[in-house]
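Subject: A structure for you to explore

Hi there,

Here is the structure I promised to pass on to you. Have a look around it first, and then read on for what I found.

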Amino acid sequence: MATLSIHLQEGFTGDTVLIDVNGKEVFHEEDVRTKLLLGYAAIIDVEVEQPPAQVTIELPEKELSSCIPVPIMGATYLGISLEDDEVSSMISQKPFGYG
């Protein structure tokens, strides 16, 4: 088993956010907001049994969704941001630095 750390980063402004990993809901929160001084809104750690992981993020109020395939090799970090009404993502093998 490996850990996938999902970081909701820039652009969240009171959004309802749903996240599934490999078809299993791992996050469902309302009023998700980026902490401006820190640069992130939430961090969700998920154990992944079978790589790769398929991460689906939905923001129903903004009618946005994205499916992100994530190769898992040990600890893996997925950064998700909202930019110009689109979902952007970044995969890293190293932790993100904040604040």
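**Starting from one histidine**

His7 is buried, with a relative accessible area of 5%. Keep in mind as you read that this is a predicted model. The cut-off for calling a residue buried is under 20%, so the 5% of His7 falls below that limit.

Where does His7 sit? You will find His7 in strand 1. Leaving out residues up to four places away in sequence, His7 touches Ala42, Ile43, Tyr77, Leu78, Gly79, Ile80, Phe96 and Tyr98. Strand 1 as a whole is largely enclosed by the rest of the structure, because six of its seven residues are buried.

**The sheet around strand 1**

Strand 1 belongs to an open sheet of four strands with mixed pairing, in the order 4-1-7-8. At the edges stand strand 4 and strand 8 (86–92), each with a single partner strand, so one side of each has no neighbour in the sheet. Neighbouring strands here are turned by 20° against each other on average, ignoring direction.

If the words parallel and antiparallel are new to you, here is the background: strands of a sheet pair through backbone hydrogen bonds, in one of these two ways. Now you can follow the pairs one by one:

- Strand 1 and strand 4 run antiparallel and are joined by seven bridges. In strand 4, Ala42 is the bridge partner of Leu8.
- Strand 1 and strand 7 run parallel, with five bridges joining them. Ser5 stands opposite Tyr77 in strand 7.
- Strand 7 and strand 8 run antiparallel, and seven bridges join them. Glu83 stands opposite Glu86 in strand 8.

**A second sheet**

There is also an open sheet of four strands in the order 3-2-5-6, and its pairing is antiparallel. Strand 3 (24–33) and strand 6 (64–70) are at the edges; each has a single partner strand, so one side of each is left without a neighbour in the sheet. From one strand to the next, the twist averages 15°.

Strand 2 (residues 13–21) is joined to strand 3 by seven bridges, and the two run antiparallel. One bridge to look for pairs Leu18 with His28 in strand 3. The hairpin of strand 2 and strand 3 has two residues between the strands, and Asn22 takes a positive phi near 50° there.

Strand 2 also pairs with strand 5, in the antiparallel sense, over four bridges. Ile19 is a good residue to click on here: Ile19 stands opposite Phe27 in strand 3, and in strand 5 the bridge partner of Ile19 is Ile57.

**A closer look at Phe27**

Is Phe27 buried or exposed? Phe27, whose place is in strand 3, is buried, with a relative accessible area of 12%. Its contacts, leaving aside neighbours within four places in sequence, are Leu8, Val17, Leu18, Ile19, Val32, Ala42 and Ile44. Phe27 and Met1 are 26 residues apart in sequence, and their C-alpha atoms are 19 Å apart in space.

**The nonpolar core**

In soluble globular proteins, nonpolar side chains tend to be buried together. In this model, the largest nonpolar core has 27 residues, and those with the most contacts inside it are Ile6, Leu8, Phe12 and Ile19. Which elements give two or more residues to this core? They are strand 1 (2–8), strand 2, strand 3, strand 4 (42–48), strand 5 (53–59), strand 6 and strand 7 (76–83).

Ile6 lets you see some of this on screen. Not counting residues up to four places away in sequence, Ile6 touches Ile19, Val21, Ala42, Ile43, Ile44, Val46, Val55, Leu78 and Ile80.

**The largest pocket**

Last comes some empty space to look for. The largest pocket has a volume of about 190 Å³. The residues that line this pocket are Val21, Asn22, Lys24, Val26, Val46, Glu47, Val48, Glu49 and Gln50. Strand 3 and strand 4 are the elements that give two or more residues to the lining. Strand 4 gives the most, with three residues. You have already met Asn22 in the hairpin of strand 2 and strand 3, and Asn22 is among the residues lining the pocket as well.

Enjoy exploring, and write back if anything is unclear.

Best wishes

Technical notes:
Residues are numbered from 1 along each chain as its sequence is written. This is a predicted model: local features need pLDDT of at least 70, side-chain atom pairs count only at pLDDT 80 or more; totals for chains, interfaces and linings use all residues. Side-chain values use heavy atoms; hydrogens and water are left out. Two strands pair if DSSP finds at least two bridges between them. Axes are lines fitted to C-alpha atoms, for helices over the stretch in contact, and angles run from 0 to 180 degrees between N-to-C directions. A nonpolar core is a set of buried Ala, Val, Leu, Ile, Met, Phe, Trp, Tyr and Cys residues joined through side-chain atoms within 4.5 Å. Buried means under 20% relative accessible area, exposed over 50%, partly exposed in between (1.4 Å probe, protein chains only). Contact means heavy atoms within 4.5 Å. On a 1 Å grid over the protein atoms alone, a cavity is a set of points where a 1.4 Å probe fits but cannot get out, and a pocket is an open set with protein on both sides within 12 Å along at least five of seven lines; lining residues have an atom within 4 Å of a point. Grid points are joined across faces, edges and corners, and a volume is the space filled by probe spheres set on the points.
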